[in-house]
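Subject: Structure handover

Hello,

Here is the structure I promised to pass on. Please open it beside this message; my notes follow below.

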Amino acid sequence: ESFPISEGSNIKAGLLRINLLTPLRYKINGSYAEKISLKAFTSTLLRRISALSTFHGDGYPDLDYKSIVERAHNLACDNVNIKWVDRERFSTRQKERMKIGGLIGSFDIYGDYGFLLPFLRIGELVHNGKGTSFGCGKFSMEVL
């Protein structure tokens, strides 16, 4: 079954808080990001949704990715309370403990973010970034 993706939302503008509950891991220019970027957050989320839709749904979603990412980049990001946290997991394949670090905390999005809500709702279910199969990238959102 495919994810229902649409641009419709009755929220036109306001304040939305994103709470990063488990380490969010994504790379910018080959290195793990240590700061939040709404553009990168949106881009990695769209990539994850597209991959899941392609391999487990009805195929590659017909979305204007560039436009969505640019619109997200133009939103204001405020009240950023993010820090890098290292966690460990045991790799049975490599038979050693491995660090899985990422960003934890919260940030607020202000503006006309309604177009992002369908993707964020899906993201709450499927998580975002790298290491989602190890529990990374879990987030929640709340309208303030």
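A residue counts as exposed when its relative accessible area is over 50%. By that cut-off Asn 29 is exposed, because its relative accessible area is 79%. More on Asn 29 below.

Bear in mind that this is a predicted model.

**Confidence**

Mean pLDDT for the chain is 89. Of its residues, 91% reach 70 or more. The weak stretch is residues 1-9, where pLDDT stays under 50. The model still gives that stretch 22 contacts beyond four places in sequence. Where pLDDT is low, the predicted coordinates should not be read in detail.

**Overall build**

The chain has six strands and three helices. Starting at the N terminus, the order is β-β-β-α-α-β-β-α-β. The radius of gyration is 15 Å. That agrees with a compact globule of 144 residues, which would have a value near 15 Å. Along the principal axes, the C-alpha atoms fill a box of roughly 50 × 40 × 25 Å. Buried residues make up 42% of the 144. Among contacts with a separation of 6 or more, 73% join residues 24 or more positions apart.

**Helix 3**

How many of the ten residues of helix 3 are buried? Seven are, so helix 3 (residues 117-126) is largely enclosed by the rest of the structure. The buried ones are Leu 117, Pro 118, Phe 119, Leu 120, Ile 122, Gly 123 and Val 126. What covers them includes two strands and two helices by name: strand 1 (14-24), strand 6 (139-143), helix 1 and helix 2 (65-73). Just after helix 3 comes His 127, with a positive phi of about 70°.

**Positive phi in two loops**

Most residues other than glycine have a negative phi. Two loop residues are worth a look here.

- Asn 29 sits in the loop between strand 2 (27-28) and strand 3 (31-32). Its phi is positive, about 55°, although it is not a glycine.
- Lys 95 sits in the loop between strand 4 (76-91) and strand 5 (96-111). Its phi is also positive, near 55°. Lys 95 is exposed, with a relative accessible area of 64%.

**Val 85**

Val 85 belongs to strand 4. Beyond its neighbours within four places in sequence, Val 85 is in contact with Pro 23, Ile 100, Gly 101, Gly 102 and Ile 104. Leu 63 is 22 residues from Val 85 along the chain. Their C-alpha atoms are separated by 33 Å.

**Largest pocket**

The volume of the largest pocket is about 170 Å³. Which residues line the largest pocket? They are Tyr 26, Lys 27, Thr 44, Arg 47, Arg 48, Ala 51, Gly 129 and Lys 130. By class, four of the lining residues are charged, two are polar and two are nonpolar. Helix 1 (residues 38-56) gives the most to the lining, with four residues. Helix 1 is also among the elements that cover the buried residues of helix 3.

**Where to start**

I would open the view on helix 3, which is largely enclosed by the rest of the structure. Then turn to helix 1 and the pocket lining to which it gives four residues. Leave residues 1-9 for last, since pLDDT stays under 50 there.

Best wishes

Technical notes
Residues numbered from 1 in each chain as written. Predicted model: local features only at pLDDT ≥ 70, side-chain atom pairs only at ≥ 80, totals over all residues. Heavy atoms only, no water. pLDDT = per-residue confidence, 0-100. Contact = heavy atoms within 4.5 Å. 1 Å grid on protein atoms, 1.4 Å probe; cavity = no way out; pocket = protein on both sides within 12 Å on 5 of 7 lines; lining within 4 Å. Points joined across faces, edges and corners; volume = space filled by probe spheres on them. Nonpolar A, V, L, I, M, F, W, Y, C, P; charged D, E, K, R; others polar. Rg over C-alpha atoms; globule rule 2.2 N^0.38 Å. Buried < 20%, exposed > 50% of the residue type's maximum accessible area, 1.4 Å probe, protein only.
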